[in-house]
Amino acid sequence: MSDLLSPLQGHSEPRVVGARQGEAGVVLSERRIVSLVQVAAWPDSLAQVEDALASLTHCAPPQRSTGSSAREGTVLMAIGPGRFLIESTDPGLAAKLAEVIPAPLGAVTDLSHARSVIRIAGPKAAWVLAKGLAIDLDPARFPPLEVAQSAIHEVGVLVRRISDGSFDLYVFRGFALSFWDWLTEAAAETGYRVDPPA
C-alpha cells in the first residue's frame with residue numbers, strides 16, 4: 001500500500017491550546033491506518049465468516065452486535081448484522097481476508113484509503129463528544145470496546161470506546177478536516193493538546 005497524504009496534514013501539528021495551568025481537558029491525535037477492511041457475511045454463511053475471521057485475526061468475534069474485540073495489532077468491530085470492520089497493522093489484510101472469505105460466503109471491501117481515525121482522550125473527552133454526539137456516553141451504557149455509528153456536525157462517524165476516557169473516531173477521509181475543525185472548536189473550552197500522529 002502506498003503512503004497517503006493525510007487530510008489533516010498542516011492542521012494537526014503538536015500544540016497546546018487554551019489549557020489552564022498546563023492541564024488540557026483532552027488530547028487529540030490522528031491515528032494512521034495501515035489496513036481497514038469491511039466484511040459482510042451473507043445471512044446463511046455468518047458462522048463460516050466468523051470462523052474465518054477468528055482464525056485469520058486471532059480475535060474472537062464480538063459477542064454483541066455493537067461490540068469489538070482486539071488482539072496484537074488487530075481490532076474486530078461489529079458494525080451491523082453480519083457486518084464487521086477490521087483494523088490491522090497487516091498491510092496485506094484485505095487480500096488475506098478475500099482468500100478465506102470468497103464471494104459465496106460474503107463480501108470483502110478494502111477501506112484503508114477511505115477513512116481517517118482521530119483519537120480523543122482525557123478527562124473531558126466524553127464531555128466534548130457529547131456536544132455533537134447523540135449517544136449516551138455514560139460508561140454504564142457505552143462501556144469500553146463498545147462501537148456505535150452516528151453523526152457529529154453532520155459527518156458520519158463510527159465511535160469506538162477504548163477506555164473510560166478514550167475514544168477512536170472513524171470518519172470518511174473527505175470529511176476529516178471539517179470534522180477536525182469541529183472537534184478542536186468543541187475542545188477549546190476545556191483546553192486541548194494535539195499529539196503527533198501515531
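1. In this predicted model, strand β4 (residues 68-71) pairs with β5 in the antiparallel sense, and 4 bridges connect the two strands. One bridge can be located by residue: S69 has L76 of β5 as its partner. The two strands make up a hairpin in which 2 residues separate them. Within that turn, E72 has a positive phi of about 45°.

2. A second hairpin involves β5. Strands β5 and β6 run antiparallel and are joined by 6 bridges. A78 faces F84 of β6 across this pairing. Here also 2 residues lie between the strands, and G82 in the turn has a positive phi of about 70°.

3. The burial of strand β5 (residues 74-80) deserves comment. Of its 7 residues, 7 are buried, so the strand is largely enclosed by the rest of the structure. Buried is taken here as under 20% relative accessible area. In a regular strand the side chains alternate between the two faces of the sheet.

4. The second largest pocket has a volume of about 180 Å³. Its lining comprises 13 residues, and those closest to the centre are R115, Q149, L158, Y170 and F172. Strand β6 (83-88) is among the elements that give two or more residues to this lining, together with β10 (155-163) and β11 (166-172).

5. As to the chemical character of that pocket, its lining is made up of 8 nonpolar, 3 polar and 2 charged residues. Strand β6 therefore appears in two contexts in this note: it pairs with β5, and it contributes to the lining of the second largest pocket.

Key. Residues are numbered from 1 along each chain as its sequence is written. This is a predicted model: local features need pLDDT of at least 70, side-chain atom pairs count only at pLDDT 80 or more; totals for chains, interfaces and linings use all residues. Side-chain values use heavy atoms; hydrogens and water are left out. On a 1 Å grid over the protein atoms alone, a cavity is a set of points where a 1.4 Å probe fits but cannot get out, and a pocket is an open set with protein on both sides within 12 Å along at least five of seven lines; lining residues have an atom within 4 Å of a point. Grid points are joined across faces, edges and corners, and a volume is the space filled by probe spheres set on the points. Ala, Val, Leu, Ile, Met, Phe, Trp, Tyr, Cys and Pro count as nonpolar, Asp, Glu, Lys and Arg as charged, and the others, Gly among them, as polar. Buried means under 20% relative accessible area, exposed over 50%, partly exposed in between (1.4 Å probe, protein chains only). Two strands pair if DSSP finds at least two bridges between them.
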